[in-house]
Amino acid sequence: METPPPPRSQSTPRNIYAFGLTSFLNDTASEMAYWVLPAFLASIGAGAAQLGIIEGIAESVASFAQLFSGYLTDKVGGYFVANSVKPLLALVSSWWQILGIRFSDRLAKGVRGTARDVMVADSVDKSKIGSAYGLIQAMDSAGAIVGPLLALAVIGRFGMRGVFASAAIPGALCVIVAWLGIREQFVERRASSPVKAERSSAVSSSPAKSEWLPKLPIGFYYVLAVVTMFSLGNSSDMFLVLRAGNIGIPASRAPLLGLVFNIMFTLVSWPAGKFSDRFSRSAIAAAGYLVFAIVYFVFALAPSQLAIWLAMAFYGLFYALTNAVLKALIVESVDTGVRGRALGIYSFCISVTTLLSSVITGALWKIYGPAVPFYFSAGIATVSAFALLAHRSPKQN
C-alpha cells in the first residue's frame with residue numbers, strides 16, 4: 001500500500017517564497033543591465049544585425065541547457081554563474097565579448113530553469129499550480145521593476161558601465177539566498193517524504209529507468225506546436241528598446257521602458273495565474289498573444305513616442321497572461337514523473353525558435369527597415385492566438 005504524501009500546508013509557503021525571493025534578486029540584477037545593453041552596443045559600434053546574432057546564439061545555448069536540465073540537480077550553480085558574468089559587461093570593448101557574457105548568462109539560466117519549475121510543481125496541489133507559478137513570476141517581475149529604478153539612479157552619475165558593475169550587489173545576494181533558502185527547503189521536503197523525494201530525484205537525475213523521450217499526450221504536442229509557431233515571431237525584447245531609440249527615446253530613459261513594462265507584468269502575473277486555475281488556460285494565453293500582436297503593430301507604426309510608452313506598458317500584460325499560464329498548461333497535460341522532460345522540451349522548442357526569430361528580425365531590419373519585422377511578428381501572433389483558442393484545456397478543479 002502506497003504511503004500517502006504528507007500535508008503541504010506548512011512546507012509549501014517556505015519553499016515557494018524561497019524561490020520567489022531568489023527570482024526577485026536575480027531579476028533585479030538582470031534588468032539593471034538588460035535595458036541599457038542595446039544603447040551600450042550602439043556606443044561601441046554594433047547595430048541590429050549584431051544584436052540579432054548575440055541574442056540568437058545566447059538563446060540557442062539556453063535551449064540545449066533547458067532540454068537536458070531535467071536531469072540536473074544543481075540549483076545554485078546556475079544563479080552563481082549568471083550573476084558572476086553580468087558585472088563583466090563593465091569591462092568589455094567589443095560586441096564579441098558581450099556575446100560571450102550573454103552566452104554564459106543564458107546557459108546558466110537554462111540549467112537552473114527546469115529544475116526550479118519541477119520543484120514548484122511538486123510542492124503544491126495540482127489545483128494551485130497556476131497560482132504558484134504566478135506568485136514566483138510576480139516576484140520575478142517585481143525585481144524587474146527594482147532593477148530599472150536602480151539603473152536610473154546609477155546611470156546619470158556613473159554611466160552605463162557603472163550600471164553593469166552595480167548589478168553585482170543584488171546578484172551576490174541572489175546566490176546567498178539560493179544557497180541557504182532553496183537547499184534547506186529541498187532537503188526538508190526530501191526528508192519528510194522519501195517517496196516524493198525519490199520521484200523528484202528520478203525526474204532530475206539519471207534517465208536509466210525511463211525513456212529519455214517519453215510518450216506524451218497529443219494535447220501536449222498541440223500546445224507545443226502552437227507555442228513554437230508563435231516563438232518564430234517573438235524575438236528578443238532588445239529590439240523593442242532599439243526601436244524606441246530609433247524614434248528618439250534616449251538611452252538614459254531605456255530603463256524607464258523596462259519599468260513601465262514590468263509594473264504591468266508584476267500587477268497582473270499572480271492574478272492571471274490564479275484565474276487560470278479556474279478557467280481555460282488556453283483562452284487566457286490566447287488573449288496574451290493578441291496583446292502581443294497589438295503591441296508589435298504599434299511598434300511597427302511608431303506614430304509617436306507616447307504611443308511607444310503606452311504600448312510598452314501594455315506589453316507587460318502579454319507576459320502576465322502567458323508565462324505562468326503556459327507552464328501550468330504544460331504541467332497539467334502530462335504525468336508527474338515526466339514533468340521535467342516535458343518542461344525541458346517545451347523550453348527547448350521556444351528557445352530554438354527564438355534564436356531563429358532574433359536572427360530573422362535582425363536581417364529584416366537591416367534589409368527592409370525597422371517596421372517590417374514588427375509587422376511580421378504581429379501577424380504570426382494573431383494566427384497563433386486563434387490556433388490556441390482551438391485547444392481545450394483540461395477541466396480545472
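Guide: pLDDT is the predictor's confidence in each residue, from 0 to 100. This is a predicted model, where local features need pLDDT of at least 70 and side-chain atom pairs count only at pLDDT 80 or more, while totals for chains, interfaces and linings use all residues. Residues are numbered from 1 along each chain as its sequence is written, and side-chain values use heavy atoms, with hydrogens and water left out.

Visitor: What does the pLDDT of the protein chain average?
Guide: Let's start with the share of good scores: 79% of the residues reach at least 70. The average over the protein chain is 78.

Visitor: Which element has the highest mean pLDDT?
Guide: Elements here are DSSP runs numbered from the N terminus: helices (H or I, at least four residues) and strands (E, at least two). The protein chain has 15 helices and 0 strands. At the low end sits helix 8 (residues 194-204), with a mean of 39. The highest mean, 96, belongs to helix 15 (residues 371-389).

Visitor: How much of the protein chain is buried?
Guide: Buried means under 20% relative accessible area (1.4 Å probe, protein chains only). Out of 397 residues, the buried share is 57%.

Visitor: Which helix gives the most to the largest nonpolar core?
Guide: A nonpolar core is a set of buried Ala, Val, Leu, Ile, Met, Phe, Trp, Tyr and Cys residues joined through side-chain atoms within 4.5 Å. The largest one has 101 residues, and Y133, Y289 and Y315 have the most contacts inside it. With 16 residues, the top giver to this core is helix 13 (residues 305-332).

How values were computed: Buried < 20%, exposed > 50% of the residue type's maximum accessible area, 1.4 Å probe, protein only.
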